[in-house]
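Open the model in your viewer and keep the sequence panel beside it, since each stop on this tour begins with something to select.

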Amino acid sequence: MKKFIKTLSCFLSTAVLMLAVGCSNGGANTPAPAGSSDTSGENSSKNVTVGIIQYMDHVALDSAREGFIEALKANGYVEGENLTIDYQNAQGDQSNLSTISDRFVSNKVDLVLAIATPAAQSIAGKTTEIPILATAVTDFEAAKLVDSNEAPGGNVSGTTDMNPIKEQIDLLAKLVPDAKTVGVLYTSSEDNSVLQAKLAKEAIENLGLNYVEVTVTNSNDVQQATQSIVEKCDAIYIPTDNVFASAMPIVHGVTAQSKTPVICGESGMVDNGGLATLGINYKDLGYQTGLMAVKILKGEASPATMPIESATEFDFVINGIVAEEIGLEIPEDLQQYIIK
Amino acid sequence: MLQIILGAVSLGLLWAIMTIGVYITYRILDIADLTVEGTLAMGAAIAAQAITSGMNPYAATALALVGGLLAGLTTGILHTQLKIPALLSGILTMIALYSINLRIMGKANISLLRTETVYSWLQNLGLSDTNAVIVLGLIFVMVIVCFLYWFFGTELGSAIRATGNNPKMVRAQGINTDIMKIIGLVLSNGLVAISGALIAQSQSFADVQMGTGSIVIGLASVIIGEVLFGKKNFFSRLVSLVLGAITYRIIIALVLKMGMPANDLKLFTAITVAIALSLPVFKTYLNPVKISIKEGK
């Protein structure tokens with residue numbers, strides 16, 4: 001027992017020491033960044049720092065980020081001149097999101113752009129002061145990022161990537177008029193996809209068609225899921241979905257053989273082998289988010305009173321090569337939207 | 001800098017509980033138990049669902065513990081009663097938990113922003129978010145370390161430790177090694193679930209993908225702890241696990257702080273773990289004389 005108490009006290013003192021070291025470390029280092037931000041504040045050309053926290057890599061998220069940076073550039077915030085961008089990508093590992101958020105809070109960045117829902121939730125949990133703009137989030141209210149979409153009320157606002165699902169299903173019916181059964185493919189672990197799939201199934205039923213659905217858990221399942229669904233349906237609908245966005249070439253490999261048209265949630269997926277979409281252009285969405293950021297950086301608005309914005313225009317995108325492969329005739333009024 | 005280090009310490013303390021769980025199976029029982037990837041998310045899922053349904057956060061965390069115990073029991077039964085190899089039993093439960101976690105949450109992600117959590121009362125006392133996590137994390141870790149130190153000193157605990165070391169000898173003593181393995185797995189997964197529940201409440205969301213890669217983090221923390229902080233007696237081993245988990249987080253935080261390109265992070269993690277794993281080999285190379293002297297004795 002004596003030894004036990006001795007080791008316990010040893011453990012306790014280590015813990016205290018650890019904290020103390022942490023403190024003294026910080027004490028020695030904090031003045032430096034504080035000082036540097038002070039001097040930059042005095043400069044006539046004010047230097048701002050924007051932290052970008054991105055959940056994972058894929059085309060849509062990357063385009064949103066590019067669009068955001070473009071909007072800042074177009075409005076006088078040029079990277080390397082008066083703008084520092086601290087871009088951090090969690091590579092799909094959620095435990096990294098927390099560390100990245102700490103980094104932004106500690107560096108006292110002027111604004112944070114959070115790309116995808118977990119990233120936004122992570123940074124919103126760490127600060128109630130730094131303005132946060134989120135994009136590629138479908139439902140801000142359900143993610144509890146804002147009080148309401150109209151009046152966020154806190155330090156978070158942004159742009160939603162909610163898809164025009166109904167219009168996409170209409171497009172499917174227009175391109176494949178003799179379709180009777182529509183296959184719906186999505187990832188069961190992605191909230192946004194589940195929500196969109198639900199809306200899609202409703203839209204399909206409203207048109208008097210049947211649906212079959214197959215879900216995957218990760219990209220390893222994609223090939224078999226696609227193979228199993230092409231036998232049961234005349235056309236496939238895939239909502240915006242992180243797994244499918246990266247795995248579209250696999251889907252294309254299967255559907256090109258079975259000559260099944262694939263309508264996707266976003267244009268990046270059409271580039272990678274889908275047939276068509278009427279969708280959000282993530283670069284435009286990022287640009288729109290960037291314009292919101294400019295207002296905040298100029299002190300003209302604050303997130304609490306900026307309603308969640310959604311995309312105003314949707315683009316038709318049709319993959320001409322895929323249409324030829326599966327022998328599908330594109331109606332004349334849509335032919336101008338064919339890419340490739 | 002202070003914020004980053006403190007952030008890493010707070011996260012490390014929560015992951016330490018998971019690390020101790022991994023240690024129980026990986027080192028004490030000598031089983032690589034992959035169930036934990038599912039259990040971590042399960043702990044988070046149960047706690048998040050219970051809290052958003054209006055349950056007290058501490059009761060929700062306790063409920064997560066129960067879920068974890070059951071997950072461990074499942075793996076234990078698959079392994080010892082149905083004679084499925086340990087690695088495979090763990091993988092089976094892990095896959096099953098993916099569906100179960102989705103069922104528990106009803107969706108893939110539950111937000112805990114603006115919700116009362118186990119940390120709320122400390123935050124209401126005026127502590128910053130990070131400090132609240134550190135204080136509560138320390139309390140949880142100390143209670144768990146003391147409990148395990150006591151438990152593995154009892155006859156039952158010693159039997160579990162002996163099972164991992166020399167099952168034949170243990171059976172010769174008339175102890176049922178299957179029961180010992182089950183208890184170990186149950187205990188381990190219970191701890192991992194608590195860890196998941198606490199992590200979810202601190203990062204303010206539970207997500208079905210949370211557990212992905214967690215076994216690597218757990219093993220890396222165990223090994224970093226052992227290599228850097230020694231393993232003299234059982235108590236210092238437990239403490240070294242905690243320090244190992246914190247060190248792992250600090251390393252990641254410093255790497256991010258230095259501004260390593262985001263895409264290289266995984267590579268760096270793998271290299272860190274490989275170095276930690278191979279340190280004992282290097283030590284042998286560097287001190288051949290010492291060892292030969294020891295062996296000569």
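Helices and strands are here DSSP runs, a helix having at least four residues and a strand at least two, and they are numbered from the N terminus. The model in front of you is predicted.

**First stop: a loop residue in chain B**

With that numbering in mind, select B:Lys83, which you will find in the loop between α3 and α4 of chain B. Its phi is near 60°, a positive value in a residue other than glycine. Is B:Lys83 buried or exposed? With 9 other C-beta atoms within 10 Å, B:Lys83 is exposed, because a count of 12 or fewer places a residue in that class.

Now move to B:Ser204, in the loop between α9 and β2 of chain B, where phi is again positive, at about 65°, although the residue is not a glycine. Here 23 other C-beta atoms lie within 10 Å, so B:Ser204 is buried, the limit for that class being 20 or more.

**Second stop: two helices of chain B**

Select α3 (residues 57-80) and α9 (residues 177-203) of chain B together, and turn the view until you can follow both axes, which come within 6 Å and cross at roughly 145°. The crossing of α3(B) past α9(B) is right-handed, and the residues in this contact comprise 15 nonpolar, 13 polar and 2 charged ones.

**Third stop: where the chains meet**

Show both chains and look at the place where 41 residues of chain B are in contact with 43 residues of chain A. On the side of chain B that touches chain A, several elements give two or more residues, among them α1 (2-28), α6 (129-151) and α12 (265-286) of chain B. Which element gives the most to this side? That is α1(B), with 9 residues. Sorted by class, this side of chain B has 25 nonpolar, 10 polar and 6 charged residues.

**Fourth stop: the sheet of chain A**

Hide chain B and colour the strands of chain A, so that you can trace an open sheet of 6 strands in the order β2-β1-β3-β4-β5-β11, with parallel pairing. At the edges are β2 (83-89) and β11 (309-310) of chain A, each of which pairs on one side only. Between β1 (residues 48-54) of chain A and β2(A) there are 7 bridges, and if you select A:Val50 you can look across to its bridge partner in β2(A), A:Ile85.

Next add helix α11 (residues 282-297) of chain A, which packs on the sheet and touches β1, β3, β4, β5 and β11 of chain A, while its direction makes about 170° with that of β4(A). Within this helix, select A:Gln288, which is buried, with 22 other C-beta atoms within 10 Å. Leaving aside neighbours within four places in sequence, A:Gln288 is in contact with A:Thr159 and A:Glu309.

**Last stop: two more helices of chain A**

Helix α3 (residues 59-74) of chain A has 16 residues and reaches 22 Å from its first C-alpha to its last, close to the 22 Å expected at 1.5 Å a residue. Its buried residues include A:Leu61, A:Arg65, A:Gly67 and A:Phe68, and after the helix comes A:Gly76, with a positive phi near 90°.

Finally, select A:Ala173 in helix α6 (residues 165-175) of chain A, and draw a distance from its C-alpha to that of A:Gly67, which gives 32 Å for two residues 106 residues apart along the chain. A:Ala173 is partly exposed, with 18 other C-beta atoms within 10 Å.

Terms used. Residues are numbered from 1 along each chain as its sequence is written. Chains are lettered from A and ligands numbered from 1 in the order in which they are written. This is a predicted model: local features need pLDDT of at least 70, side-chain atom pairs count only at pLDDT 80 or more; totals for chains, interfaces and linings use all residues. Two residues are in contact if their C-beta atoms, placed from the backbone, lie within 7 Å. Ala, Val, Leu, Ile, Met, Phe, Trp, Tyr, Cys and Pro count as nonpolar, Asp, Glu, Lys and Arg as charged, and the others, Gly among them, as polar. Axes are lines fitted to C-alpha atoms, for helices over the stretch in contact, and angles run from 0 to 180 degrees between N-to-C directions. A crossing is left-handed if the near helix is turned anticlockwise from the far one by less than a right angle, and right-handed if clockwise. The expected span of a helix is 1.5 Å times one less than its number of residues. Two strands pair if DSSP finds at least two bridges between them.
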